Amino acid sequence: MVQLMNRTDKETQAAVSPVEAPIRETAKPVVYDTKQLNLWYGSHHALKNIDLPIRENEVTAIIGPSGCGKSTYIKTLNRMVELVDGVRTSGEILYRGRNIFDAKYSVEELRTRVGMVFQKPNPFPKSIYDNIAYGPRIHGIKNKKILDEIVEQSLRGAAIWDEVKDRLSTNAYSLSGGQQQRICIARALAIEPDVILMDEPTSALDPISTLKVEELVQELKENYSIIIVTHNMQQAARISDKTAFFLNGEVIEFDDTNKIFQNPADQRTEDYISGRFG
Amino acid sequence: MVNPTTRERASVQELIAKAGNNKRKKIIEKIIPVILFLIAGVSVLTTVGIVATLIFETVTFFRQVPILSFIFGTEWLPFSNKEPKFGILPLIVGTLKITLIAVVVAVPIGLAAAIYLSEYATDNARRIIKPVLEVLAGVPTIVYGFFALTFVTPVLQTIIPDLKIFNALSPGIVVGFMIIPMIASLSEDAMSAVPNAMREGALAMGATKFEVAMKVVLPAALSGILASVVLATSRAIGETMIVSLAGGSTPRFDADFTGSIQTMTAYIVQVSTGDAGYGTPIYYSIYAVGFTLFLFTLLMNFLASRITKRFREAY
Ligand SMILES: Nc1ncnc2c1ncn2[C@@H]1O[C@H](COP(=O)(O)OP(=O)(O)OP(=O)(O)O)[C@@H](O)[C@H]1O
Ligand SMILES: [Mg+2]
């Protein structure tokens, strides 16, 4: 069943790519394919008929005014949104060809493949080392040598190794906000996920930390697919390959970032990125 | 900015000055702290008074009975006509037996209840279960006492035929049940105080709910949980009615849980309700025992505050 889906997916891509005009010819494989997704918080219709193919090794930025459903969408991708009481969804999200809402798809499995970095840094009140080793440990990795390796590699990956290597056993809360956020990124990297979801990861950070995280995102896309929510237009323009513009729970426009910022197809997109509303 | 000239009333600053609240406020600000200090002073004085009496009478006791034979004596025979003996150890052992059983019963159940309430229960379930726990905490201990004697002991006797009518096991278990609400409720408070962002961080990494509870919430709330256990232990040590009713009155220095025991508190009850003459060693002995008990609970409270600091996981 799954294999079948995978194959059809590839075939569809091969067939569709040339038709999707704005997408470069070298279109990468789709990681996350959202099809006709609707989401309700109780009676509040927060996401409306979302269609969004997200591709491998790209940074996809999600922009839009406050309350338009950006966080809701990104939390739906790893099904964290279901922690809220009374959430209902319809439509499907295919992750690597499998519908994540499928009853047989365990959320733990999905979230092991899809990491998340939150708006506010939320390290565990444990040592820096234990924070990074947390994920590998719950997934059964116990070997001290391997864990040491993972911790170093993840901290390096998150560009914070040099700052913390001499105090791995201190509490993560003794770090600055920007450092904490990079610890959280390292924590997400530690299980070597396939996709990293970031919900305004730099909104609580100073410009220098922000820059570091942005550089980091650029490096990470070599190995990961990244979906990042941001309120910062320059940031979206600087670091993303694709941009999706959300408004009132709908995707108004989804295209190459250059296109969106230089020559948007929809008037509302232009109004938003030029700061005329939102 | 409103243009002041277009308003018919005076500016707010002028109105404030005219109201002249300042003087009255100053007087109140002076008097209130004095009144509060006096009220607080009453409770401090009461405590000091009680402790002073305790120490004073205890010192009198040690004029009649050597202190070393009290601390290290393994026989507690105050009513013996020939040779009364005042070795506190049997009473301490009796107290510790009860405390041990109670803690062994209460900690797992209390923690399980706390984890359920803070991590799994729906709002509705919590709304029902928490008040029930609080009712359990409000049951008078005398009721627990005859529950131990008339229900738990007979039930236990069907399992352990050797069990005497008065024993350590039954009141120990019942004291355990008595302190469950305390552990459950205080631990639940500590666990609920752990920010949701931390749970989400773990869940987003593929942790299951149980892994989140055990490896994130529990460690983060550890100081509060340990403090609740210590405070509950302190209550078990000081518990009186249950052990007086169901524990018996045989001070024994051994490790047997099936036979009659006596705790420090039960001894004090026994003497207080009897007719020990004023000025006799028996009369003063209850102060010495009371003082010992006081030291135990003081130690527990000290431990609780140390633990709260030591295991504080900053977040
Ligand atoms: N837990 C919730 N319960 C009910 N409604 C919610 C909940 N979370 C979000 N909403 C509603 O869903 C809509 C989308 O919210 P969402 O948080 O996704 O917006 P957002 O685009 O991330 O905004 P921001 O930029 O301010 O973070 C809003 O109208 C919001 O009020
Ligand atoms: Mg948001």
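A residue counts as exposed if 12 or fewer other C-beta atoms lie within 10 Å of its own. Ser43(A) has 7 such neighbours within 10 Å, so Ser43(A) is exposed. The model in which this holds is a predicted one.

Where does Ser43(A) lie? Ser43(A) sits in the loop that links strand S1 (30–41) to S2 of chain A. Glu253(A) is 210 residues away from Ser43(A) in sequence. In space, the C-alpha atoms of Ser43(A) and Glu253(A) are 26 Å apart.

The two strands flanking that loop belong to a sheet. In chain A, 4 strands make up an open sheet, ordered S2-S1-S4-S5. Their pairing is antiparallel. Strand S2 (44–55) and strand S5 (98–99) of chain A form the edges, each pairing on one side only. In general, the strands of a sheet pair through backbone hydrogen bonds. At one edge, strand S4 (residues 87–95) of chain A is joined to S5(A) by 2 bridges. These two strands run antiparallel. Leu94(A) stands opposite Asn99(A) of S5(A).

Next comes a helix. Helix H5 of chain A covers residues 144–157, 14 residues in number. From its first C-alpha to its last, H5(A) reaches 20 Å, close to the 20 Å expected at 1.5 Å a residue. Which residues of H5(A) are buried? They are Ile150(A), Val151(A), Ser154(A), Leu155(A) and Gly157(A). These buried residues cover an arc of only 155 degrees around the axis, so they fall on the same side of H5(A). An α-helix has 3.6 residues a turn, so residues three or four places apart point the same way. Lys145(A) and Glu149(A) are exposed on the other side of H5(A). The cover over the buried residues of H5(A) includes helix H4 (128–138), helix H6 (161–164) and helix H7 (177–189) of chain A. Just after H5(A), Ala159(A) adopts a positive phi of about 55 degrees.

H4 also appears where the chains meet. The contact draws 20 residues from chain A and 18 residues from chain B. On the side of chain A that touches chain B, helix H3 (107–113), strand S6 (114–117) and H4 of chain A are the elements giving two or more residues. That side of chain A divides into 9 nonpolar, 7 polar and 4 charged residues.

Last, the annotation. An unreviewed UniProt entry places the feature "domain: ABC transporter" at residues 32–273 of chain A. The span of residues 32–273 of chain A is 38% helix and 27% strand. Its end C-alpha atoms lie 25 Å apart.

Key
Residues are numbered from 1 along each chain as its sequence is written. Chains are lettered from A and ligands numbered from 1 in the order in which they are written. This is a predicted model: local features need pLDDT of at least 70, side-chain atom pairs count only at pLDDT 80 or more; totals for chains, interfaces and linings use all residues. Two strands pair if DSSP finds at least two bridges between them. The expected span of a helix is 1.5 Å times one less than its number of residues. A residue is buried if 20 or more other C-beta atoms lie within 10 Å of its own, exposed if 12 or fewer, and partly exposed in between; C-beta atoms are placed from the backbone. The arc is that of the directions from the helix axis to the C-beta atoms. Two residues are in contact if their C-beta atoms, placed from the backbone, lie within 7 Å. Ala, Val, Leu, Ile, Met, Phe, Trp, Tyr, Cys and Pro count as nonpolar, Asp, Glu, Lys and Arg as charged, and the others, Gly among them, as polar. UniProt positions are given in the numbering used here, feature names are shortened, and annotations may be inferred rather than shown by experiment.
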